[in-house]
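Visitor: Please take one part and look at it closely. I would like the surroundings of the ligand, residue by residue.

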Amino acid sequence: MARTRVAVLLSGRGTNLQSLIDAHQDDYEIVLVASNIVDAPGLGIAKAAGIATFAQSHKALDRAAFDTLIDGQLRAHGVEAIALAGYMRILSDGFVAGWAGRMVNIHPSLLPLYKGLDTHARAIEAGDAQAGCSIHIVTAGLDDGPVIARASVPIMPWDTPDTLAARVLIEEHRLYPRALAQWVRTLGA
Ligand code: GRF
């Protein structure tokens, strides 16, 4: 069966992109990496791997117009599914609707806990015994769609948000390639 053509959207360093590239990719093929930050380090990771990139600052456009631009790039590359990996933009309702059921995100918490930012600090503050990461289908609500995979780590008494983030990130890199591969197998043509 043909591999699913996947685009990765990111705004930052791209370590999750790297993990998706390093995996076997028997089930998916990353055909485009797009970013709203023109100098995002993740774009360099894509280029080094020979993957097409698209970068455009969102600042000159309103949200819907920017998302239409990204959507055009995705369609032009024959993208069938989207993996968000540190994409720090709220998506317009129209974009989310256009990719309904075909877009996943990685979030650094055990969803439904701690949607939004500062997840690790909030988990420590709450006195939780565990933290982790989740892969979920993207719907209109922020970090709100159905969870398809999760991994957890213990929170140590001495953890700071940074030490906890580093422990969770290791699990993110294990989880995302596996979850993406499983998920794309469930998609119709
Ligand atoms: C990750 O922690 C991911 O869970 C969150 O943003 C971060 C992206 O990191 N959504 P990277 O750019 O993949 O290194």
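Guide: Start with the naming of elements. Helices (H or I, at least four residues) and strands (E, at least two) are DSSP runs, numbered from the N terminus. On that basis, α1 (15-22) and β5 (103-107) each supply at least two residues of the shell around the ligand. Keep in mind that this is a predicted model.

Now the shell itself. Around the ligand stand Arg 13, Gly 14, Thr 15, Asn 16, Gly 86, Ile 106, His 107, Pro 108 and Glu 172. Sorted by class, these are two nonpolar, five polar and two charged residues. The ligand sits in the largest pocket.

Next, the polar pairs. Gly 14 brings a polar backbone atom to 2.8 Å from an oxygen atom of the ligand. Asn 16 also uses its backbone: an N or O atom there lies 2.8 Å from a ligand oxygen. Glu 172 uses its side chain, where an N or O atom is 2.8 Å from an oxygen atom of the ligand. As for cover, the ligand taken alone exposes 360 Å², and the protein buries 85% of that.

Stay with Asn 16 and step along the chain. Ser 19 has its place in helix α1. The side chain of Ser 19 reaches the backbone oxygen of Asn 16 at 2.7 Å. Ser 19 counts as buried because its relative accessibility is 9%, and the cut-off for buried is under 20%.

Two further residues can be judged by that cut-off. Take His 58 in the loop between β3 (52-55) and α3. Its relative accessible area is 17%, so His 58 is buried. The side chain of His 58 makes a polar contact of 3.0 Å with the side chain of Asn 36.

Then move into helix α3 (residues 63-76), where Asp 67 is found. Asp 67 has a relative accessible area of 3% and is therefore buried as well. Asp 93 is 26 residues from Asp 67 along the chain, and their C-alpha atoms are separated by 9.7 Å.

Back to the ligand to finish. Gly 14 offers a backbone atom at 2.8 Å, Asn 16 offers another backbone atom at 2.8 Å, and Glu 172 offers a side-chain atom at 2.8 Å. Behind Asn 16, follow the link from its backbone oxygen to the side chain of Ser 19.

Key:
Residues are numbered from 1 along each chain as its sequence is written. This is a predicted model: local features need pLDDT of at least 70, side-chain atom pairs count only at pLDDT 80 or more; totals for chains, interfaces and linings use all residues. Side-chain values use heavy atoms; hydrogens and water are left out. A residue is near a molecule or strand if one of its heavy atoms lies within 4 Å of it. A polar contact is a pair of N or O atoms within 3.5 Å; within protein, one must be able to donate a hydrogen and the other to accept it, and residues adjacent in sequence count only if both atoms are side-chain atoms. Accessible areas come from the Shrake-Rupley method with a 1.4 Å probe; for residues, only the protein chains shown count as cover. On a 1 Å grid over the protein atoms alone, a cavity is a set of points where a 1.4 Å probe fits but cannot get out, and a pocket is an open set with protein on both sides within 12 Å along at least five of seven lines; lining residues have an atom within 4 Å of a point. A molecule sits in a cavity or pocket if more than half of its atoms lie within 2 Å of its grid points. Ala, Val, Leu, Ile, Met, Phe, Trp, Tyr, Cys and Pro count as nonpolar, Asp, Glu, Lys and Arg as charged, and the others, Gly among them, as polar. Buried means under 20% relative accessible area, exposed over 50%, partly exposed in between (1.4 Å probe, protein chains only).
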